[in-house]
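Okay, let's get going, I'll keep this short. Have a look at the sequence and the structure while I talk.

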Amino acid sequence: MPKLAMTRLAGHLASRPAGRWMRWEMRRFVARYKVNMAEAANPDLDSYNSFNDFFTRALKEGARPLAQADLVCPVDGAISQFGRIERDQIFQAKGHQYSTTALVGGDAALAAQFENGSFATIYLSPRDYHRIHMPCDGRLLRMIYVPGELFSVNPATARGVPGLFARNERVVCLFESAKGPFVLTLVGATIVGSMATVWHGVVNPPRRPAIEEWDYRDQQIVLKQGEEMGRFLLGSTVVMLFPGPALPFAPDWAPAKGVQLGEKMADWPQ
């Protein structure tokens, strides 16, 4: 499939001013994916200026209260996988693993900080809320754009494409917390028109041919737990990395379980 051409076309259409046809598409999308507009800050579909505005809609105040936890879930979605990083290997699906070095774009020194740490991968389906929030307080240190493929990231593809999340286009965001560094990675996919962060705006497009990095260590960009840090314009996946020792994840967490922004993900190990 011509994934790049399809993605560019989808991004173009989604950003166009909404006319009668696009508003019909929004209603069809809500019905097909059972989107809960009652929890949107603005439930009126006719008031959105484009499909992107609708897709990245805000939630009502208080719709996602934050749990009393060191680390909260940063998105609405479904758990793909989570657990311990075995040396530098992240579990993707049965028969598939990939390295932390590959995920962060080849920076071995950065990846080494997460050796024998923990990871969590969460898939955002079309029906989900598509803003990404902070799992804990963090100071932004670096952002790395890594060019790559545009495979779908749904569960079936994750089971069938080796190294999927380290092969797709992605934006790697490194933060410093009170307990050390952590990474939030936004993974692109087919039809994902773009990825954006609150400090930079839209990162892609343009789709760059090589890795590009932004260094924020001379700035004081600090985001609190639960604050928005970015968004997908059409859905995808978030991969998080945390340093060792391994995190004690919430006891009800399990692969394929649906999760919501703000619920308990884990506490820092004692």
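I'll go through one sheet and then the cysteines.

Quick housekeeping: this is a predicted model, so local features need pLDDT of at least 70, side-chain atom pairs count only at pLDDT 80 or more, and totals for chains, interfaces and linings use all residues. Residues are numbered from 1 along each chain as its sequence is written, and side-chain values use heavy atoms, with hydrogens and water left out.

So, the sheet. We've got four strands in an open sheet, ordered E6-E14-E10-E11, with antiparallel pairing. The edges are E6, at 131-133, and E11, at 201-204; each has a single partner strand, so one side of each has no neighbour in the sheet. Neighbouring strands here are turned by 25° against each other on average, direction ignored. For that, axes are lines fitted to C-alpha atoms, and angles run from 0 to 180 degrees between N-to-C directions.

By strand I mean a DSSP run of E, at least two residues, numbered from the N terminus, and two strands pair if DSSP finds at least two bridges between them. Strand E10, residues 194-197, pairs with E11 over three bridges, in the antiparallel sense. In there, Met195 stands opposite Asn204 of E11.

Now, how many disulfides does a search of the whole structure find? Zero, with a disulfide being a pair of cysteine sulfur atoms within 2.5 Å. Take Cys73: the closest cysteine sulfur is in Cys136, 13 Å away, and that's too far for a bond. Both are tucked away, if buried means under 20% relative accessible area: Cys73 is buried at 0%, and Cys136 is buried at 5%.

Notes. Buried means under 20% relative accessible area, exposed over 50%, partly exposed in between (1.4 Å probe, protein chains only).
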